[in-house]
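Please examine the sequence and the structure shown below before reading on. The report that follows describes selected parts of the structure in turn.

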Amino acid sequence: MSVESFSVLSPSFDATTGLVRFPYRLGGLPFTETLGFPEGFDASVAGTASFQKLLELTAVVLGVSYYKLLAPLTVDCGAIALTADEAALALDIYTNGLGEFYARNGLAQMDRVQIRAAPDTGPRPAAPLLAARALLPIGGGKDSLVSVQLLEHAGIDFTPFAVNAKGPILSSVETIGRAPLYVTRALDKEMIRLAKMPGYLNGHVPSTAINSMIAALTALLFGYDRILLSNERSASEGNAVFDGREVNHQHSKSLDFEAMIAGVLAGATGGALGYFSLLRPFSEAHIAALFAREDRFDAVFSSCNQNFRIAGHDGPLWCGKCPKCHFVFLILAPAMSRARLSGIFGADLLDKRENLASFRTLTGLAGQKPWECVGEILEAAACLHQLSKIPDWSDHEIVRVLGPELLAQYGEARLESAYSELMKPDARHLLPPDLAGRILADAS
Ligand SMILES: CC(=O)N[C@H]1[C@@H](OP(=O)(O)OP(=O)(O)OC[C@H]2O[C@@H](n3ccc(=O)[nH]c3=O)[C@H](O)[C@@H]2O)O[C@H](CO)[C@@H](O)[C@@H]1O[C@H](C)C(=O)N[C@@H](C)C(=O)N[C@@H](CCC(=O)O)C(=O)O
Ligand SMILES: Nc1ncnc2c1ncn2[C@@H]1O[C@H](COP(=O)(O)OP(=O)(O)OP(=O)(O)O)[C@@H](O)[C@H]1O
């Protein structure tokens, strides 16, 4: 089945109910996605040029879920006009943001996808009045909780924010103890049905880009001048090369993407809305060490994506079987005792022989980096190597078997220097200088 284009139609916001409708058309198929904002927003914001611009940009970004069913070469934005920067962001989302989707479906078309939109050459929206306070998206995993810890230490006010809060997001926010802002998001059920049908495609979408646009609308409606992401430096490493490009499962968590969307959000709001990742200077291994400094989230957080399925999840917080569970266990191990970490996961994942193949892949001894939110290959290898020097871990099956294989592949000097590099903050980040000083001092 094929269609010529995917159409993004004009979104509408109902300022009395807080409901937003995003209509789309894929050939003859109509779809509508909806968002529900909580009570308490400033309805007058809805009439501003900034809000209207962000609403339209959100429509373009959220369209990826419907586009991917047939992935035509043209994304037609119809009545939505885009500046050059906005069109570049849209193209990035429909190409690199869907890179994993193209690669896993064998669709070599990234260079041919085009965004059709009238140029927006009018005056830039004026700056809305936003309070000097931060919105902190919470994903239920360790990263955003390390941001919580750093903001609390720095005495910076923030409000937890989540889209479709459930499971570990709800329990983490309860433990944080601050009133949250939760937005509900409903994908069109027909899209979910069709994605399982023969003749239609399915695959990964850039969820951080989606959540970021929803956070931007929330920031305007509720008056926040900053959105603080918790994306680590390791998120910039890709998984594979396909169609002549590096393809990254976490593309919309990368530093390049952060710079691009930050520029577009600033341009759409007269410079009023800031967007940056608080954790960009840090590796996943460093973030894990920071997480281990406190134990108040041990029983409530989870990085396992099983928890975040739309249909829900009745199982344990950590499935213990996926690459993300294995990676997070591995990077927390150098900073935690066996008893504490096994208590969190409900099992000792480094002492299970059946996990050997997975840890081999994570550390680059075999296969390709998994299509999951896992850190860099050398990072995982360096962490595993460290464990062979820690008595609490050195006798573990995975450490005993893979330790010598890692030494043979990388050499001790490389593994040692990689680990010490992982614990040094990277200068490539977009944190404002005053905040960077305080965050880096706390994390060192
Ligand atoms: C929870 C999860 O990992 N889901 C991925 C999984 O989807 P699955 O079918 O197992 O469950 P659902 O998420 O419930 O999806 C049902 C169908 O709906 C489609 N869909 C879902 C969300 C959406 O925004 N748009 C959609 O079209 C989905 O395709 C299903 O047909 O596998 C999917 C296919 O590979 C993934 O796309 C699902 O990933 C979610 C979009 C998701 O939220 N994933 C995050 C946990 C995630 O991977 N985050 C990345 C960051 C990536 C980035 O660039 O921002 C990370 O942390 O590394
Ligand atoms: N449902 C959500 N609502 C709002 N923001 C989210 C949501 N899920 C993820 N995020 C944001 O995206 C970031 C990346 O998600 P990710 O799952 O990698 O991080 P995490 O849950 O904080 O930690 P971990 O990597 O351990 O899972 C989060 O830190 C958070 O800022």
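Which residue in β9 is the bridge partner of Val-163? The bridge partner is Val-183. This report concerns a predicted model, and the pairing just named serves as an entry to the strand β8.

**Strand β8 and its neighbours**

Strand β8 comprises residues 158-163. On one side it pairs with strand β9, residues 181-186, in the parallel sense over three bridges. Strand β8 also pairs in the parallel sense with strand β7, residues 134-137, and here there are four bridges. Within this pairing, Leu-135 stands opposite Thr-159 of β8.

Helices link these strands in the chain. Helix α5, residues 142-154, forms a right-handed β-α-β unit together with β7 and β8. A further right-handed β-α-β unit is made by β8, helix α6 (residues 167-176) and β9. Strand β8 thus takes part in both units.

Is β8 enclosed or open to its surroundings? Six of its six residues are buried, so the strand is largely enclosed by the rest of the structure. The burial concerns both faces of β8: Phe-158, Pro-160 and Ala-162 are buried on one side, and Thr-159, Phe-161 and Val-163 are buried on the other.

Phe-158 illustrates this burial. The residue is found in strand β8, and its relative accessibility is 2%. Because buried means under 20% relative accessible area, Phe-158 counts as buried. In sequence, Phe-158 and Pro-180 are 22 residues apart, while their C-alpha atoms are 9.4 Å apart in space.

**Individual residues in loops**

Three residues located in loops may be set beside one another. The table gives the loop and the relative accessible area of each.

| Residue | Loop between | Relative accessible area |
|---|---|---|
| Ala-71 | α2 (64-67) and β5 (74-76) | 5%, buried |
| Asp-243 | β11 (240-242) and β12 (245-247) | 23%, partly exposed |
| Glu-354 | α12 (338-345) and α13 (356-362) | 61%, exposed |

Two of these residues are also notable for a backbone angle. Ala-71 has a positive phi of about 45°, although it is not a glycine. For Asp-243, likewise a residue other than glycine, phi is positive and near 55°.

Glu-354 may be considered together with Ile-398. The two are 44 residues apart in sequence, and the distance between them in space is 9.4 Å, C-alpha to C-alpha.

**The second largest pocket**

Rolling a probe the size of a water molecule over the atoms shows where empty space is left. The second largest pocket has a volume of about 330 Å³. Its lining consists of 15 residues, and those that lie nearest its centre are Ser-236, Asn-248, Ser-254, Leu-255 and Asp-256.

Which helix gives the most to the lining of this pocket? Helix α9, residues 255-268, does so, with four residues. By type, the lining of the second largest pocket divides into seven charged, five polar and three nonpolar residues.

**The annotated span**

According to an unreviewed UniProt entry, the annotation "domain: MurL N-terminal" covers residues 3-278. In the predicted model, this span is 34% helix and 21% strand. The end C-alpha atoms of residues 3-278 lie 41 Å apart.

Key:
Residues numbered from 1 in each chain as written. Chains lettered and ligands numbered in written order. Predicted model: local features only at pLDDT ≥ 70, side-chain atom pairs only at ≥ 80, totals over all residues. Heavy atoms only, no water. Buried < 20%, exposed > 50% of the residue type's maximum accessible area, 1.4 Å probe, protein only. Pairing = 2+ DSSP bridges. Right-handed = clockwise from strand over helix to strand, strands pointing away. 1 Å grid on protein atoms, 1.4 Å probe; cavity = no way out; pocket = protein on both sides within 12 Å on 5 of 7 lines; lining within 4 Å. Points joined across faces, edges and corners; volume = space filled by probe spheres on them. Nonpolar A, V, L, I, M, F, W, Y, C, P; charged D, E, K, R; others polar. UniProt positions renumbered as here; feature names shortened; annotations may be inferred.
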